[in-house]
Structures are given as C-alpha cells and as structure tokens.
Amino acid sequence: MTRIPAYLDHNATTKLWPEAKEAMRPFIDEGIHGNPSSSHASGRAARQIVEQARNRVARLVGARSDREILFCSCGTEADNHALHGALELWQRKNGDTNMRRGQGGIVLPHIVTGGVEHDAVLKWLQHHQQRGELTYTAVPPDANGVIAPNSIKTALQDNTALVTVMHSNNEVGTLQPVREIAMVAKESGVLIHCDAAQSCGKVPVDVQKLGVDLLTIVGHKFGAPKGVAALYIRPHLEPFPALLIGGGQEDGRRSGTENTVLIAALGAVAEAADKEGVHFQAHMSATRDRLWLNLKNGMPEAVRLRMHSPIDAVEADCLPNTLSIGMVGIDARKLLQEVESEVEASAGSACHGDGTPVSPVLTAMGVPSEYLKGTLRLSTGRDTTFEEIDAASQALIKGVKAQLLHA
C-alpha cells in the first residue's frame, strides 16, 4: 500500500473540506443545472444556492448586507478588480488622468502598498505604472514582515487613490496591523483594500472592525475548490466599476455566468469557518508548534536553523498554521525532492511559477542571505494530524542529515 505523504502546504492550497464536497454533491447526483439568471424553476433553484452562499460569505467577514459580496474566479481577479475599481473611482472624482495642476504637469493617481504583497497586487501596479497610468509606493516591512502604519502615512500623497495591504503574508504568516493602517488611510480620505486570501478560515476577519473598503476572499485557501473567490465592497463605493463587461451578472459588477457549484462550496466552507473557526485555529496552532519543536530539537547541531515567521515575536502576530524556517548550507528545493514521498511542502512560496530560488519577501525582511536557499514554508491545516507532523519532522530531519553527509 502506497503511503500518503504528509501535506504541509496549506498556504498554497487546501484539501477540499467535507462541507465543500457535500455542497457540490447535488450538482452531480441530483442534476442541478440551471443558470442563475434564468427565470424558470431550474434557474431559480440555482439562484437560491448562489444567494445562500453569498449570505454565508457575508456573515464570515462581517458584511452588513449580502449585496456587499461579489463572486469571482480567483484571488488574482478579486485583487485586480479592487485596484481597477479604486482607480476608476478616483478618476471619476478627480477627472481623467490628464488633469493638470498648475505648472506641475500631468497628475496621475497614486497607490500605496506593502513591500511584501502578493504578485496579484505588485505586478498589477508595476504593469500599470509602466503604462503611464499611475504611480505607486511600496512600503518596506520591518524584520518581522510588518508594514508600519506610520510608514503608510508617510507614503501618502495628495493624489493617493488607494492603500492596499494584505491581511497576512502567504510566506511567513505575518499578520498586518490592517485596522491601524485603515485608520491612517481614512484620516486622509483614502480608500483601503485588504487582501485576506490567507486569513479567511484561519483567523477572524471582520470588515467592520478592520475598517476596510474592499477585501479579497479566496476559496481554495480554506477548503473550497480552486476557481472561486469573492470581493467585499463597502456600499458607499457603489456603483463599483466592473472589471469584466458583458451580461451584467453580480449586479452589473462582474459579468459572466456564475459558477454555481463552486460558489455553493465556498458558501459551505464559509459557514463552517464562521461556526468552528476558533477550533480550527487552535488545532492548526498546536500542529504548527509541534512541528517547530520537533525540527528545532531534532536537527543536527551542524545546521544553523532560523525561524522567519514571527511566532514568538513581541511586536508582531502570525497565522496559526504557518512556519517559515531557514537552514544554512541546505538546499530546500533538493530537500523537498528527496522527501517528496513523505512530505509535501514549499521552498518559499508556491505561488511563484518561475523557479526563482530567492524570496522577495524574505529579502525585504532583511533575512540574512545564507538562509534564503535553505528556506522551507510549512503550513498546516484543519485536517493535519499529529501523526503527520511527527512523520514529516522525521523525514525532513533525515533528509537534512543526508544532504550534510553528501555535502
């Protein structure tokens, strides 16, 4: 019998939760097939499922109305839509991008972001800056990966249209002071978007307490299938500009026939996270902490081990499931190849597809260069067992010893 490897890559994607499977079953077994925009019985049944899911997602993030939730295909789309919409709202308010101010020439909208954001934000900003459509400032983090609210305040300009900052970092797990950053933005009358892709289902996310205008939610990061996400939009931004133009679905904000089966799954896991999130968080924290203790106590003395995640930091908070560690003299990618039959994890972030070995996040945090090549990102989940943790720890320690032996 083939042994299933311990899965410690939940920040890349999670396994399907039982609630998601159950929510999708009627579409397969009972033949639910209607288009939610159709007026006949099958269409009405599909629409009811979509609206039930919308209500569940709204409750998870503390939205005051179901209409504040827009369904879309992925976190990248949600982030892009938030940025695109904020930019267009600024242009509506201030005139087109050729507006002139005295002798200063063209005034472009300006966006402030963190230096550790996902590429769905940073590369979008780079692309549109290169096209001459905006300017942006990326605020560097401190050694724990935290973006300081005062640094955001310093970066604001008269023409700043948006502040966009992630709720938690996908590589090291740092939780950002989003509420404080939102207060800084509001004092200057600037909109704020928060990418909460890694946080929903792991820690509480409440848009009212955070004070954000826009928030990204990604299904496959907490038990739903890949291919479904949502964007929270505060009502005062309506009518929010559309990114996809066509049939006018999602109240005209996102055209395209709704993916009913995946939306149903997202609603189901949102409900589970809303009801059981405290228990999920405690379990993920316990498994993550055990993993760290096993590795710290079991690694050969010859290995210099460093924890990048701010788990024990006084001035920072961390996701309960995330452990980023670095090892001097170890090649993390080769290590994972050697133990792939026993452990599945990431060297840095699994969201980078170009094979680049050096993490921009760790570099921005000032992690010493000798640790970068040997960095592992290990992330536990709702269904991770302590038996998996112990087996994975043993496999990784064994693999490190083998690398040292052949060095």
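These are my notes on the cores, the cavity and the salt bridges of this structure. I am working from a predicted model.

**Core**

I began with the largest nonpolar core, which has 60 residues. I looked up its best-connected members: Val61, Ile69, Phe71, Val163, Leu215, Phe222 and Leu266 touch the most other members. Helix 8, residues 260-298, supplies the largest share of this core, with 10 residues. I also noted another core lying apart from it, made of 27 residues, including Val343, Ala392, Ile397 and Val400.

Next I picked Phe222 and skipped its neighbours within four places in sequence. What does Phe222 contact beyond those? I found Thr14, Trp17, Leu60, Cys200, Gly201, Ile217, Leu266, Val269, Ala270 and Ala273.

**Cavity**

I then checked for enclosed space and got one cavity of 30 Å³ or more. The largest cavity comes out at about 70 Å³. It is lined by 13 residues, and Thr14, Trp17, Lys221, Met284 and Arg382 are the closest to its centre. Thr14 and Trp17 were already on my contact list for Phe222. I sorted the lining by class and got four nonpolar, six polar and three charged residues.

**Salt bridges**

My search of the whole structure turned up 22 salt bridges. I followed up three pairs.

I started with Arg47 and Glu258, whose side chains meet at 3.0 Å, N to O. Arg47 sits in helix 2 (residues 41-61) and Glu258 in the loop between strand 9 (229-233) and helix 8, so this pair ties together parts 211 residues apart in sequence. Are the two partners buried or exposed? Arg47 is partly exposed, at 23% relative accessible area, while Glu258 counts as buried at 8%.

Then I looked at Glu271 and Arg56, which form a salt bridge at 3.4 Å, N to O. Glu271 is in helix 8 and Arg56 in helix 2, so the pair links parts that are 215 residues apart in sequence. Arg56 is buried, with a relative accessible area of 17%.

My last pair was Asp213 with Lys186, where the closest N and O atoms are 2.5 Å apart. Asp213 belongs to the loop between helix 7 (207-210) and strand 8 (214-218), and Lys186 to helix 6 (residues 178-187), so the bridge ties together parts 27 residues apart in sequence. Asp213 is buried at 0% relative accessibility, whereas Lys186 is partly exposed at 38%.

Finally, I traced salt bridges with shared partners: they join Arg47, Glu51, Arg54, Arg67, Glu250, Asp251 and Glu258 into one network.

Key
Residues numbered from 1 in each chain as written. Predicted model: local features only at pLDDT ≥ 70, side-chain atom pairs only at ≥ 80, totals over all residues. Heavy atoms only, no water. Core = buried A, V, L, I, M, F, W, Y, C linked by side-chain atoms within 4.5 Å. Buried < 20%, exposed > 50% of the residue type's maximum accessible area, 1.4 Å probe, protein only. Helix = DSSP H or I, 4+ residues; strand = E, 2+ residues; numbered from the N terminus. Contact = heavy atoms within 4.5 Å. 1 Å grid on protein atoms, 1.4 Å probe; cavity = no way out; pocket = protein on both sides within 12 Å on 5 of 7 lines; lining within 4 Å. Points joined across faces, edges and corners; volume = space filled by probe spheres on them. Nonpolar A, V, L, I, M, F, W, Y, C, P; charged D, E, K, R; others polar. Salt bridge = Lys/Arg side-chain N within 4 Å of Asp/Glu carboxyl O.
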